[in-house]
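Thank you for sending this model for comment. My remarks are set out below as numbered points.

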Amino acid sequence: MRQLYIGGAWTASASGEAIEVVNPATEEIIDRVPAGAAADVQEAVRAARKAFGSWSVTAPADRAKLLTAAAELLVRRADDVARIIAADMGSPLGFALKVQTLMPARVLASYAGLAESHPRESRVGNSLVVKEPVGVVAAITPWNYPLHQIIAKVAPALAAGCTVVLKPSEVAPLAAYALADILHEVGLPPGVFNLVSGRGPVVGEAMAAHPDVDMISFTGSVRAGRRVAALAVEDVKRVALELGGKSANVILPDADLGVAVKVGVANCFVNAGQTCSAWTRMLVHRDHYDDAVHLAVQAARKYTVGDPFDEGTRLGPLVSAAQRDRVVRYINRGQEEGARLVAGGTERPLPRGFYVEPTVFAGVESGMTIEQEEIFGPVLSIIPYTSEDQAVQIANGTPYGLAGAVWAGTEERAVALARRLRTGQVAINGGGFNPLAPFGGYKQSGIGRELGEHGFEEFFEIKSLQL
């Protein structure tokens, strides 16, 4: 069994208990990690607090040097890390390399640059305004992007001068261990980064409630986010939450329907649909609705389900049996409420592994469960509209506001509609994801932003000195 990483050393958990890590494609146990205890959190926070004094005043250039070294080492180990992620949570190997590993390396390198270039002081009249690291940061991360979500929190925190205690998801924790090895090897000072694996109700709650933690950065479900925030508010901690999404892909009548549908299906099914920002609702004008459904079904049938290590696989397994069961329940619910299943369904496509077929629903109406709730699987709902105003109303009509897309004949028209969407990111005519742009949402999609300069700002306190 692996160990925890606390105070610059690998150490056994006080609990003595293990969590089995299961390969979702084979259903085999591939590793075991500690089921951390509250006592482990106590030790990790103590180490982080002790290290904060010196790390917070370390020269930005020195912090940048360490982060750059870590990013370079991650790139050199990218093939191995991608294989870990493919086995741990089921992403097809090519996606695990390009998106799950190399993109986080780029983000890590970007924060090495910001550590040096981001201004820490400014003048406002007779005041000197300074930015100081917020303190000890507790980072709680999910399983769907197990390295990217960690680096999106850990990299800016370390670059700002904070120290970190990380709890990765117990469902897919192995990428966190790979990163801990890298940070240790490049010489990060003891206590600056600490890793405590374990379950949310034990380790996560102990972190959120710890009086010596200054900030919680959490990514996960709305339910768990509410619990984290409720615990954190007792000490008035700073809280950053990146929660769920139910993003709308609005296709206007003058858009290139074929391209919009093809890219929309791809976005919905990426990472087997286990992406909080996925465009899971496709909104199409009634005049083009039947054509869009036909195109979506054709596109869905091209998504080969299979083992993440097979070259022909486009859709890997869901991360766990529990996640597969959850998605199947939603597919059944969609049919019960009158939506029309036009592709996929609940049949097991392979005899082993937690797979779900790429699934498309037509005849979806605003207010149906599959239109309102985050499914987190390869399930697309296609919804008709009759006017732009109605499309905006439907797009904004869920509790979420994380991402979305607009397709139109002109960029100007697409941007005009995108400005009306209550969501944190909108892709215009297929504009690609930018890991340097702010990421986060409106409404129940969360509080705060990650990535780029806006994500960096989350980890500073602001002080004004009147001169």
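The points that follow concern a serine in a loop, the helix after that loop, and a small group of paired strands.

1. Please keep in mind throughout that this is a predicted model, and that the remarks here describe its computed geometry.

2. Ser-169 lies in the loop that connects strand S8 (163–167) with helix H6 (174–185). With a relative accessible area of 6%, Ser-169 counts as buried, because that value falls under the 20% cut-off. Its side chain reaches the backbone nitrogen of Val-171 at 3.1 Å, and, once neighbours within four places in sequence are set aside, Ser-169 is in contact with Thr-141, Pro-142 and Trp-143.

3. Helix H6 has nine of its 12 residues buried, so the helix is largely enclosed by the rest of the structure; among the buried residues are Leu-174, Tyr-177, Ile-182 and Leu-183. The length of H6 also agrees with expectation, since 12 residues at 1.5 Å a residue should span 16 Å and the end C-alpha atoms are 17 Å apart. After H6 comes Gly-187, which has a positive phi, near 95 degrees.

4. Elsewhere, three strands make up an open antiparallel sheet in the order S5-S6-S20. Strand S5 (121–124) and strand S20 (460–466) stand at the edges with a single partner strand each, so one side of each has no neighbour in the sheet. From one strand to the next, the twist averages 25 degrees.

5. Within that sheet, strand S6 (residues 127–133) and S20 run antiparallel and are joined by seven bridges, and Lys-131 has Ile-462 as its bridge partner in S20.

Methods. Residues numbered from 1 in each chain as written. Predicted model: local features only at pLDDT ≥ 70, side-chain atom pairs only at ≥ 80, totals over all residues. Heavy atoms only, no water. Helix = DSSP H or I, 4+ residues; strand = E, 2+ residues; numbered from the N terminus. Buried < 20%, exposed > 50% of the residue type's maximum accessible area, 1.4 Å probe, protein only. Polar contact = N/O pair within 3.5 Å; in protein donor to acceptor, adjacent residues only side chain to side chain. Contact = heavy atoms within 4.5 Å. Pairing = 2+ DSSP bridges. Axes fitted to C-alpha atoms, helices over the stretch in contact; angles between N-to-C directions. Expected span 1.5 Å × (residues − 1).
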